Amino acid sequence: MQQKKSPKFLDKLFDLLESEQYRFLRWSDDGKSFEVCDIKKLEKQILKVFYKQKSFASFIRQLNLYGFKRSKIRRNINVFAHRYFIQGEKYEYLQSRKQLINIISLNKLKVLEELSNQDNNLKHQIYEAEHQQLTETLKDLQNQQKQIQMKFNEQIHLQMQLKLRIIQIIHQINTHDITINIKAQHSYQLLCKVMQLIPNNEQHKEEFAIIRSICKVFNEFHLESMSSYLGSPNDRLTPLPFYLQDSSISLDFGSKQGQNQIYELLQNQATRIFQPSQVKQQQFMI
């Protein structure tokens, strides 16, 4: 973490060196350090006036606090250097002044480190809180996904049960229709036998009329079956009547005319079945 402003102590020292008003306080030849040539003059004319300090030792402690390194060229010349404290004439002045912000005292450095640690701890706490929240959100989404999957599986199971029930119903309908066709066929065979046994005369006119009525019922049953059969194949659940199951007629439903022709052929065939040749139509009219 960097400080926002450069230290006032160093700003003033930099300005004093740049002003060149004091020969005992000057930049070194390379501009990377500064020299103090007269300690007494420094204490009297600079430290007491600008820094309110009384001794050169206090000045040294202040410089040490900012990380300056001290060396001596001669007995009376002290040299102080810091990598960010450089002369403004040999380098760009503004750039040199900007580098002073990088010089941080040890005390302030500790404070900045503590603030940085607190900031890092705060960031870590925020990260942990966000991570915990994301984890809980993820768990909620996973639970919701499980519930949706369970409902989806229940719907699939229900659909399978419905399909099985529909298949069972269709099978029951087909079985029922086949049973009806078989019983109708047996009834028709018995009816034919009865017609053969009854004498064909005026005395048994009523019996023949009843039998003719029964045949008419069979014929109507045939017409209803054929209407269902000639409909959409997807809507037809029942099989053909017994008297058409063995028919050799080729069924073509490609056009309305073809359907009418097939309907007429099947109606004639059923009429022939349900109106036996033993019964004379000109004698008994219903």
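## Strands β3 and β4

In this predicted model, β3 and β4 run antiparallel and are joined by five bridges. The connection between β3 and β4 is a hairpin that passes through two residues. Arginine 74 lies opposite isoleucine 77 of β4.

How many of the five residues of β4 are buried? Four of them are, so β4 is largely enclosed by the rest of the structure. The other pairing to describe for β4 is with β2: these strands are antiparallel and share four bridges. In that pairing, phenylalanine 34 faces phenylalanine 80 of β4.

## The sheet as a whole

The sheet is open and contains four strands, with the order β1-β2-β4-β3 and antiparallel pairing. Its edges are taken by β1 (25-27) and β3 (69-74); each has a single partner strand, so one side of each is left without a neighbour in the sheet. From one strand to the next, the twist averages 30°.

The partner of β1 is β2, residues 33-36, and three bridges connect this antiparallel pair. Here tryptophan 27 stands opposite phenylalanine 34 in β2. Phenylalanine 34 therefore has a residue opposite it in each of two pairings, tryptophan 27 and phenylalanine 80.## Helix α1

Helix α1 covers residues 8-19, which makes 12 residues. From its first C-alpha to its last, α1 reaches 16 Å, close to the 16 Å expected at 1.5 Å a residue. Just after α1 comes glutamate 20, which adopts a positive phi of about 60°.

Which residues of α1 are buried? They are Phe9, Leu10, Asp11, Leu13, Phe14, Leu16, Leu17 and Glu18. The list includes the charged residues Asp11 and Glu18. On the sheet, α1 packs against β1 and β2, touching both. The direction of α1 makes about 80° with that of β1.

## Packing of α1 against α2

The axes of α1 and α2 are 12 Å apart, and the two helices pack at an angle of about 140°. With angles over 145 degrees counted as roughly antiparallel, this value makes α1 oblique to α2. The crossing of α1 past α2 is right-handed.

Which residues make the contact between the two helices? On the α1 side they are Phe9, Lys12, Leu13 and Leu16. On the α2 side they are Ile46, Phe50 and Tyr51. Of the α1 contact residues, Phe9, Leu13 and Leu16 also appear among the buried residues of that helix.

## Helix α3

In α3, residues 56-65, the buried residues are Phe56, Ser58, Phe59, Ile60 and Leu63. What covers these buried residues includes helices α1 and α2 (39-51), together with strands β2, β3 and β4 (77-81). Glycine 67 follows α3 and has a positive phi, near 90°.

## Overall composition

The protein has seven helices and four strands. Read from the N terminus on, the elements run α-β-β-α-α-β-β-α-α-α-α.

Of the 286 residues of the protein, 30% count as buried. Among contacts with a separation of 6 or more, 58% come from residues 24 or more positions apart.

Terms used:
Residues are numbered from 1 along each chain as its sequence is written. This is a predicted model: local features need pLDDT of at least 70, side-chain atom pairs count only at pLDDT 80 or more; totals for chains, interfaces and linings use all residues. Side-chain values use heavy atoms; hydrogens and water are left out. The expected span of a helix is 1.5 Å times one less than its number of residues. Buried means under 20% relative accessible area, exposed over 50%, partly exposed in between (1.4 Å probe, protein chains only). Two strands pair if DSSP finds at least two bridges between them. Axes are lines fitted to C-alpha atoms, for helices over the stretch in contact, and angles run from 0 to 180 degrees between N-to-C directions. Contact means heavy atoms within 4.5 Å. Angles under 35 degrees count as roughly parallel, over 145 as roughly antiparallel, 65 to 115 as roughly perpendicular and the rest as oblique. A crossing is left-handed if the near helix is turned anticlockwise from the far one by less than a right angle, and right-handed if clockwise.
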